[in-house]
Amino acid sequence: MVMVQSPSAALPADPTLDEIRAALAPLIARNAAFDGFGDAALADAAARAGVDPDVARLAFPGGGRDMVDAWFATIDAAMAERWPPEALATLKIRQRITTLVETRLALIAPDRESLRRALALLALPTNARFAARLGWRAADLMWRLAGDTATDFNHYSKRTILAGVYAATMAVALNDESEDFADTRAFLARRIDQVMRFEGWKHRRAARRIERPSLARFVGRLRYPGR
C-alpha cells in the first residue's frame with residue numbers, strides 16, 4: 001500500500017464556500033498533526049491558500065467536526081477519481097472492495113497523526129452519531145463504486161459491515177510499522193474474507209429457503225376453488 005498525497009483543490013477566482021472548504025481541508029489536515037482540528041490549523045491553511053481568515057471560518061461553521069468532515073470528503077473524492085466504476089468492473093467483487101479500502105488508507109497514510117487527532121475528536125460521546133454518519137458515507141461510496149445496486153436489507157447490512165471493517169483496519173494502520181503496511185493488508189484480507197463468507201452464506205440460505213405455507217392463501221383457496 002503506497003502512501004499517496006490527497007490532492008488539494010485549486011481555487012477559482014471567485015470561489016464558493018464549498019470550493020473553499022474543499023481546497024482548505026487537505027491543508028488543515030496536514031496542520032492538524034501539530035495543532036489539531038482547530039483555529040490554528042484553519043488560520044495557517046487559509047494563509048497558505050490566500051483565503052481571508054474570516055471567510056475560511058464561514059466555510060467551517062461547525063469547527064473541528066466540519067474540518068474532519070471536509071477532509072474525509074476529499075478522500076472520498078480522490079478515491080472515486082482514482083477508481084471509477086469502469087476501472088473496477090474488471091475485478092471480482094472481493095478485489096474491488098479490497099482495492100477501495102486500500103486506496104482510502106493510502107490516501108490518508110501521509111497524515112496518520114492527523115488521523116489520530118480526527119478519530120479522537122470523533123470518539124467524543126457528543127460526536128457518536130456524526131462519526132457513524134461519516135463511516136456510513138465512506139462504506140456507501142465504496143459499495144456504489146464496486147457496483148452494488150441492492151435496495152433491500154442487503155443494502156444496509158453490506159454498508160454496516162464494511163464500515164466496521166474499514167474502521168478496524170484504519171485502527172490497525174495507525175500503528176503499523178511494517179514494510180508497505182504489510183500487517184494492515186493482511187488484517188484487511190482476513191476481514192474481507194470473513195465478509196465474503198458471510199455474503200456467500202446469505203445467498204446460499206436464500207437459495208435454500210422454502211416458501212412457508214400461508215394460512216391466508218389456504219383460506220382463500222377454500223373460498224375460491226381453482227385460484
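Reader: How much space lies in the largest pocket?

Author: This is a predicted model. Its largest pocket is lined by 16 residues. The space in that pocket comes to about 280 Å³.

Reader: Which residues lie nearest the centre of the largest pocket?

Author: The lining of this pocket counts 16 residues. Five of the names lie nearest its centre. They are Leu119, Ala131, Gly135, Ala167 and Met170.

Reader: Which helix supplies the largest share of the lining of the largest pocket?

Author: Several helices take part. α4, α6, α7 (112-122), α8 and α9 (153-174) each give at least two residues to the lining. The largest share is six residues. That share comes from α8.

Reader: What is the volume of the largest cavity?

Author: The count of cavities of 30 Å³ or more comes to two. The largest of the cavities has a volume of about 40 Å³.

Reader: Which element gives the most to the lining of the largest cavity?

Author: Leu105, Ile108, Ala109, Arg112, Leu115, Met170, Ala173 and Leu174 line this cavity. The elements giving two or more residues are α6, α7 and α9. With three residues, the top contributor is α9.

Reader: How many helices are there in the chain?

Author: Read from the N terminus, the elements run α-α-α-α-α-α-α-α-α-α-α. The number of strands is zero. The number of helices is 11.

Reader: What share of the residues of the chain count as buried?

Author: Buried means under 20% relative accessible area. The chain has 227 residues. The share that counts as buried is 41%.

Reader: What part of the area that the chain exposes do carbon and sulfur atoms supply?

Author: The chain exposes about 12,900 Å². Carbon and sulfur atoms supply a part of this area, namely 57%.

Reader: Which residues touch the most other members of the largest nonpolar core?

Author: This core holds 56 residues. One of its members is Ile28. Neighbours within four places in sequence aside, Ile28 is in contact with Phe37, Ala41, Leu42, Ala45, Phe60 and Met67. The residues that touch the most other members are Leu24, Ile28 and Trp71.

Reader: Of contacts between residues at least 6 apart in sequence, what share join residues at least 24 apart?

Author: These contacts are counted in the chain between residues at least 6 apart in sequence. The share that joins residues at least 24 apart is 68%.

Reader: How many salt bridges does a search of the whole structure find?

Author: Side chains of opposite charge can pair when their charged atoms come close. One such link joins Arg48 and Asp44. The search of the whole structure finds a total of 15.

Reader: Where do Arg48 and Asp44 sit, and how far apart are their closest N and O atoms?

Author: Both lie in helix α2 (residues 39-49). They are four residues apart, so about one helical turn separates them. Arg48 is exposed at 60% relative accessible area, while Asp44 is partly exposed at 28%. Their closest N and O atoms are apart by 2.7 Å.

Reader: Which helices does the pair Arg137 and Asp76 tie together?

Author: These two residues form a salt bridge, with closest N and O atoms 3.3 Å apart. The pair ties together parts that are 61 residues apart in sequence, because Arg137 lies in one helix and Asp76 in another. The helices are α8 (residues 128-145) and α4 (residues 64-82).

Reader: Is Asp76 buried or exposed?

Author: Its partner Arg137 is partly exposed, with a relative accessible area of 25%. For Asp76 the value is 8%. The cut-off for buried is under 20%, so Asp76 is buried.

Reader: Which residues are linked with Asp76 in a network of salt bridges?

Author: The network includes Arg137. Asp76 is linked there with Asp69, Arg104, Arg133 and Arg137.

Reader: How many residues apart are Arg94 and Asp193?

Author: Arg94 and Asp193 form a salt bridge, their closest N and O atoms 3.0 Å apart. Arg94 is in helix α6 (residues 93-108) and Asp193 in helix α10 (residues 182-208). The pair links distant parts of the chain, and the separation in residues is 99.

Reader: What is the phi of Phe181?

Author: Most residues other than glycine have a negative phi. Phe181 is in the loop between α9 and α10 and is buried, at 8% relative accessible area. Asp180 lies in the loop between α9 and α10 too, with a positive phi near 55°. For Phe181, not a glycine, phi is positive at about 55°.

Methods: Residues numbered from 1 in each chain as written. Predicted model: local features only at pLDDT ≥ 70, side-chain atom pairs only at ≥ 80, totals over all residues. Heavy atoms only, no water. Buried < 20%, exposed > 50% of the residue type's maximum accessible area, 1.4 Å probe, protein only. Contact = heavy atoms within 4.5 Å. Areas by Shrake-Rupley, 256 points an atom, 1.4 Å probe, with all protein chains shown as cover. Salt bridge = Lys/Arg side-chain N within 4 Å of Asp/Glu carboxyl O. Core = buried A, V, L, I, M, F, W, Y, C linked by side-chain atoms within 4.5 Å. 1 Å grid on protein atoms, 1.4 Å probe; cavity = no way out; pocket = protein on both sides within 12 Å on 5 of 7 lines; lining within 4 Å. Points joined across faces, edges and corners; volume = space filled by probe spheres on them.
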